[in-house]
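Notebook open, viewer open. I'm jotting down what I look up as I go.

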Amino acid sequence: MQNEYEIKKLMCDIGKRVYDRGMVAANDGNFSVKLNDHEFLCTPTGVSKGFMTPEYICKVDENGELIQANKGFKPSSEIKMHMRVYKMRPDVGSVVHAHPLYATAFAIAGIPLTQPIMPEAIISLGCVPIAEYGTPSTDEIPDNLEKYLPYFDAVLLENHGALTWSTDLLAAYHKMESVEFYANLLYKSKMLGGPKEFDEKNIEKLYAIRRKFGMPGKHPASVCLNQGSANCHTCGGNCGEDFRQFPGYQYDFVGKKSADAPANKDMSANGKTVDEKMVSDITKKVLAQLDSNK
Ligand SMILES: [Zn+2]
């Protein structure tokens, strides 16, 4: 277990990465780490996250109230958003908020990241919905976020940016990187005439990998598939009321309602069939990679 000072140092390192990768401009972005049920470290407001040293980091309690901050530093103005995640998800140890360019562009255009286009994104993220707009620093963002928290580990914030959470800071930050990479790929493949999407069968295989590895966190793979044969990317809302509450969640899937439009028929109608051998090759590669990461 890392001590508090080491965690503060890691927060500075992650701040530098977030800033250097252009995931925030100026003093934007914020992240937090849970120490225990009553103590949380968070980045200060009004400073660039690219140039922090450990004494910048503030400490708050479970209500976001200040416990400790050095002179001249105040906890992030978005701390309420972080606290809501911790409150509703006891399994979460860190929350990261940034404005990565492509993900934020999707959040502004009102397009959730739901197209099944690459194995890693399907396995690690599933779909990334858009939480409805809220005024920063008020209760609006946490309130709008709430209904997504039991089902996802990453959301776009409408007309604002992205929010990810996971077991620890590095994992939550990596999730942010993955969201941005997925958004970047989706944007560019749209520019090239539109991505080829996986069909239902291949998505199911990728979900099976996720379940096999017992990856932490929430993922549509563990919700939708309990409801029957459909999965999050192609069920068109068939997986039940739980998912219908997310506006735009089923944005532009290949197969609207999987019950009356089987994936294969749909794919050929679109002229966009992904070669099955290719998917099984990629699946093998992902498996090998996951193995070597252990
Ligand atoms: Zn923001």
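Started at Ala131, which stands opposite Leu157 in E7. This is a predicted model, so I read everything below as such. I checked how E6 and E7 run, and they are parallel, joined by 2 bridges. Between them sits helix H5 (residues 140–145), and I get a right-handed β-α-β unit from E6, H5 and E7.

**Entry: the other side of E7.** Next I followed E7 to E8. Strand E7 (residues 154–157) and strand E8 (residues 161–166) are antiparallel to each other, with 4 bridges. Here I found Val155 opposite Leu163 in E8.

Which way do the residues of E7 point? I see Ala154 and Leu156 going one way and Val155 and Leu157 going the other. In a regular strand, side chains alternate between the two faces of the sheet. I also looked up burial here, and all four of these E7 residues are buried.

**Entry: the turn.** The hairpin of E7 and E8 has 3 residues between the strands. I scanned phi there and stopped at Asn159, which is positive at about 50° although the residue is not a glycine. Is Asn159 buried or exposed? Neither quite: it counts as partly exposed because it has 14 C-beta neighbours inside 10 Å, and 20 or more would be needed for buried.

I noted a second case of this kind. Ala26 also has a positive phi, near 50°, and is not a glycine. I place Ala26 in the loop between H1 and E1. Ala26 counts as exposed because it has 11 other C-beta atoms within 10 Å, and the cut-off for exposed is 12 or fewer.

**Entry: whole sheet.** Zoomed out to get the strand order. The 8 strands make an open sheet, E4-E3-E2-E1-E5-E8-E7-E6, with mixed pairing. At the edges I have strand E4 (66–68) and strand E6 (130–131), each paired on one side only. For the full protein I count 10 helices along with the 8 strands.

**Entry: helices on the sheet.** Helix H1 (residues 4–20) lies across strand E1 (30–36), strand E2 (39–42) and strand E5 (94–98), and its angle to E1 is about 160°. Helix H6 (residues 169–191) lies across E1, E5, E7 and E8, at about 140° to E8.

I picked Leu10 in H1 for a closer look. Leu10 is partly exposed because 19 other C-beta atoms lie within 10 Å, while the buried class begins at 20. I then checked Leu10 against Leu170: they are 160 residues apart in sequence, yet their C-alpha atoms are 8.5 Å apart in space.

**Entry: H2.** How many residues of helix H2 (residues 79–88) are buried? I get 7 of the 10, so H2 is largely enclosed by the rest of the structure. The buried ones are Ile79, Met81, His82, Met83, Arg84, Val85 and Tyr86. I note that His82 and Arg84 are on that buried list. What do they pack against? The buried residues of H2 pack against E1, E2, strand E3 (58–60), E5, H5 and E8.

**Entry: the core.** In soluble globular proteins, nonpolar side chains tend to be buried together. I looked for the largest nonpolar core here and found 60 residues in it. Leu113, Val155, Leu156, Ala162 and Val179 have the most contacts inside this core. H6 gives the most to it, with 8 residues. The core also draws at least three residues from each of domain 1 (4–191) and domain 2 (200–287).

Which residues does Ala162 touch? Leaving out residues up to four places away in sequence, I list Ala98, Pro100, Ala103, Thr104, Ala107, Ala154, Leu156, Leu157, Met176 and Val179.

**Entry: totals.** Over the 294 residues of the protein, 43% count as buried. For contacts between residues at least 6 apart in sequence, I note that 64% join residues at least 24 apart.

Technical notes:
Residues are numbered from 1 along each chain as its sequence is written. This is a predicted model: local features need pLDDT of at least 70, side-chain atom pairs count only at pLDDT 80 or more; totals for chains, interfaces and linings use all residues. Two strands pair if DSSP finds at least two bridges between them. Two residues are in contact if their C-beta atoms, placed from the backbone, lie within 7 Å. Axes are lines fitted to C-alpha atoms, for helices over the stretch in contact, and angles run from 0 to 180 degrees between N-to-C directions. A nonpolar core is a set of buried Ala, Val, Leu, Ile, Met, Phe, Trp, Tyr and Cys residues joined through C-beta atoms within 7 Å. Domain bounds come from an automatic or database domain assignment. A crossover is right-handed if, with the strands pointing away from the viewer, the path from the first strand over the helix to the second runs clockwise.
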